[in-house]
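Let's take a walk through a protein model, one piece at a time. Keep the structure in view as you read.

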Amino acid sequence: MSVLRRRGWLLAVAGLLLTPTLRAAGAAPALMLAEKYHPGLDLGAYWVSEKYDGLRGYWDGQRLLSRGGEVLNPPAWFTEGWPAVPLDGELWAGRGRFEEATSTVRQQVPNDAAWRRIRFMVFDLPAHPGIFDERLTAYQDLVGRLNRPWVVAVPQEKVTSHAELGARLQQMVRAGGEGLMLHRGDSAYRGIRSDDLIKLKTHDDAEARVVGHLPGKGRHSGRLGALLVETPQGRRFRLGTGLTDAQREHPPAEGVWVTYRYRGLNDSGLPRFATFLRERPDVQPAASGPRP
């Protein structure tokens, strides 16, 4: 990176760290959000990495924030020595351990032993002025110099064909991974949802907010039959499949965001064959949902 560009980055970082809206409690960071994979992508323009099944974490140079802007409270050692530069990444406890990551990260009094199983998987530098090709090199260098075993630079690779991409997806899923992320190499960091960032999984999923509890019938009489949920676009539907007996006895509270899987959309725009997956306390209201 040139001296002028490096100076520009440092000035941008300084301005960002002084921005009151970001420093204010509860202000959600403007994060780069992913679109779903679709045919026709020029794969030569993208880097490919694992999609980590954790919670989005944003280091603003002083504090660790959730995707929704909540100030997280890790042990002091976890962020000691971190740079005064915004870092974007995933707080991850390992494949198949989303619930463990959620429980650990959202505790007001940090559990030191639990946090030692958390990794901050860094995949971008939001304040860096360069394209992702340049930010990739920069975040790998920064994490290397930081030299903290629990802060990891996400590896990025190239693929040559959609067949190779599909094979990598299947290999990832068989190994217990959630899916893949594709990051366009010539893209700037923009806090919007676009094709600059693509997620690829073997199934569709999205988030909706619980707005009601519907009573059960038959063997579910006297307890929850289904959740009434609302997408960020304002569409409401019943979500009953996939709930455990324990969740029917003690269902997610109204106002809580949940993740569901589905198989495309019907003509009305509602998800087909929606199945409850889990609660998502880290999701901010307009972050996701099925889109026509």
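Which strands does helix H6 lie across? This is a predicted model, and in it H6, residues 132-146, lies across S5, S6 and S7. Against S6, which covers residues 119-124, the helix runs at about 150°.

Those strands belong to something bigger, so to speak: 5 strands form an open sheet, in the order S4-S3-S5-S6-S7, with mixed pairing. At the edges sit S4 (64-66) and S7 (151-153), and each of these pairs on one side only. Neighbouring strands here are turned by 35° against each other on average, if you ignore direction.

Now zoom in on one pair in that sheet. S3 (residues 55-59) and S5 (residues 87-92) run antiparallel, joined by 5 bridges. Look for Arg 56 there: standing opposite, in S5, is Glu 90.

Next, hop over to helix H7, residues 162-174. With 13 residues at 1.5 Å a residue, H7 should span 18 Å, and its end C-alpha atoms are indeed 18 Å apart, so the two agree. Which residues of H7 are buried? They are Leu 165, Leu 169 and Met 172. Looking down the axis of H7, you'd find its buried residues within an arc of 65°, so they line one face of the helix. That pattern makes sense because an α-helix has 3.6 residues a turn, so residues three or four places apart point the same way.

What covers the buried residues of H7 includes strands S2 (46-51), S8 (179-184) and S9 (193-200). On the face turned away from the buried side, H7 carries the exposed residues Ala 163, Gln 171 and Arg 174. Just after H7 comes Gly 176, with a positive phi of about 100°.

Definitions and conventions:
Residues are numbered from 1 along each chain as its sequence is written. This is a predicted model: local features need pLDDT of at least 70, side-chain atom pairs count only at pLDDT 80 or more; totals for chains, interfaces and linings use all residues. Side-chain values use heavy atoms; hydrogens and water are left out. Helices (H or I, at least four residues) and strands (E, at least two) are DSSP runs, numbered from the N terminus. The expected span of a helix is 1.5 Å times one less than its number of residues. Buried means under 20% relative accessible area, exposed over 50%, partly exposed in between (1.4 Å probe, protein chains only). The arc is that of the directions from the helix axis to the C-beta atoms. Contact means heavy atoms within 4.5 Å. Two strands pair if DSSP finds at least two bridges between them. Axes are lines fitted to C-alpha atoms, for helices over the stretch in contact, and angles run from 0 to 180 degrees between N-to-C directions.
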